[in-house]
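Please read the points below with the structure open beside you, and look up each residue as it is named. The points move from particular contacts towards the chain as a whole.

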Amino acid sequence: MALDQSFVGRSYPPTTPYEVGREKIREFAEAVGDTNPAYTDPEAAKVLGHPDVIAPPTFVFAITFKAAGQVVEDPRLGLDYSRVVHGDQKFSYVRPVRAGDRLTVTSTIEAIKSLAGNDILDIRGEVHDEAGEHVVTAWTKLVARAAQEG
């Protein structure tokens with residue numbers, strides 16, 4: 001069953017604030033094998049002009065993908081998540097994510113396409129800090145594979 005095209009352009013309410021902690025940043029940097037000292041050492045981050053440690057660029061995926069769950073779990077959209085694979089991810093930063101940030105994400109459905117029986121869903125996540133300043137935009141592409149016939 002194809003996804004409801006009328007959902008293109010629909011935005012979901014902002015998430016509750018996620019507080020970015022130094023330890024979470026350190027754990028993430030270690031998990032992805034990035035040894036940049038700006039991710040673990042506040043003094044190294046300050047030398048680069050940041051008020052505290054900053055997060056690796058893909059750190060924000062965890063909160064934007066969770067926010068996209070509002071879209072995925074919307075029963076009116078008609079997405080069968082058991083058939084979904086992650087198709088693509090990209091980010092556009094205004095500034096790095098920093099320890100101490102309290103971030104919210106507003107998810108919007110940018111596009112719904114069908115290709116060879118697969119539904120392709122593009123979700124844009126706008127990430128803002130507590131002051132309402134734009135930090136980063138994340139785009140997530142999800143592909144709901146076509147059901148097997150027979």
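**Notes on the structure**

1. The starting point is Gln-89, which, when residues up to four places away in sequence are not counted, touches Phe-61, Ala-138, Trp-139 and Thr-140. This is a predicted model, and the contacts named here should be read with that in mind. Gln-89 lies in strand 2, which covers residues 84–93. Its side chain makes a polar contact with the side chain of His-86 at 3.0 Å, and the side chain of Gln-89 also makes a polar contact with the side chain of Thr-140, again at 3.0 Å.

2. Is Gln-89 buried or exposed? At 19% relative accessibility Gln-89 counts as buried, because the cut-off for that word is under 20% relative accessible area.

3. Two charged side chains should be looked at together with the rings they face. Lys-90 lies over the face of Trp-139, at 5.5 Å from the ring centre, while the charged end of Arg-10 sits over the ring of Phe-7, 3.8 Å from the centre of that ring.

4. How many aromatic pairs does the structure hold? There are three aromatic pairs, and one of them is formed by Phe-28 and Phe-59, whose rings are edge-to-face, with 5.5 Å from centre to centre and 85 degrees between the planes. Phe-28 lies in helix 1 (residues 22–32), whereas Phe-59 lies in the loop between helix 2 (42–47) and helix 3 (61–72), so this pair ties together parts that are 31 residues apart in sequence. Phe-28 counts as partly exposed at 22% relative accessibility, and Phe-59 counts as buried at 6%.

5. Another pair is made by Phe-91 and Tyr-93, and because their planes stand at 45 degrees, with the ring centres 6.4 Å apart, the pair is tilted. Phe-91 is partly exposed, with a relative accessible area of 24%, and Tyr-93 also counts as partly exposed, at 31% relative accessibility.

6. The nonpolar interior deserves a careful look. The largest nonpolar core has 19 residues, and those with the most contacts inside it are Ile-25, Val-97, Leu-103 and Val-127. Helix 1, helix 3, strand 3 (102–115) and strand 5 (134–144) are the elements that give two or more residues to this core. A second, separate core has 15 residues, among them Phe-7, Val-71, Ile-112 and Leu-121.

7. Leu-103 shows how one core residue meets its surroundings: leaving aside neighbours within four places in sequence, Leu-103 is in contact with residues including Thr-15, Pro-17, Tyr-18, Ile-63, Val-97, Val-127, His-128 and Val-135.

8. Helix 1 also holds Glu-23, which counts as partly exposed at 43% relative accessibility. Glu-23 and Ile-54 are 31 residues apart in sequence, and their C-alpha atoms are 11 Å apart in space.

9. For the chain as a whole, the secondary structure comes to three helices and five strands, and from the N terminus on the elements run β-α-α-α-β-β-β-β. The C-alpha trace spans about 60 × 30 × 20 Å along its principal axes. Of the 150 residues, 40% count as buried, and the chain exposes about 8300 Å², of which carbon and sulfur atoms supply 53%. Among contacts between residues at least 6 apart in sequence, 69% join residues at least 24 apart.

Notes:
Residues are numbered from 1 along each chain as its sequence is written. This is a predicted model: local features need pLDDT of at least 70, side-chain atom pairs count only at pLDDT 80 or more; totals for chains, interfaces and linings use all residues. Side-chain values use heavy atoms; hydrogens and water are left out. Rings of Phe, Tyr and Trp (its six-membered ring) pair if their centres lie within 6.5 Å; planes under 30 degrees apart count as stacked, over 60 as edge-to-face and the rest as tilted. Helices (H or I, at least four residues) and strands (E, at least two) are DSSP runs, numbered from the N terminus. Buried means under 20% relative accessible area, exposed over 50%, partly exposed in between (1.4 Å probe, protein chains only). A charge sits over a ring if NZ of Lys or CZ of Arg is within 6 Å of the ring centre and within 35 degrees of the ring normal. A nonpolar core is a set of buried Ala, Val, Leu, Ile, Met, Phe, Trp, Tyr and Cys residues joined through side-chain atoms within 4.5 Å. Contact means heavy atoms within 4.5 Å. A polar contact is a pair of N or O atoms within 3.5 Å; within protein, one must be able to donate a hydrogen and the other to accept it, and residues adjacent in sequence count only if both atoms are side-chain atoms. Accessible areas come from the Shrake-Rupley method with a 1.4 Å probe; for residues, only the protein chains shown count as cover.
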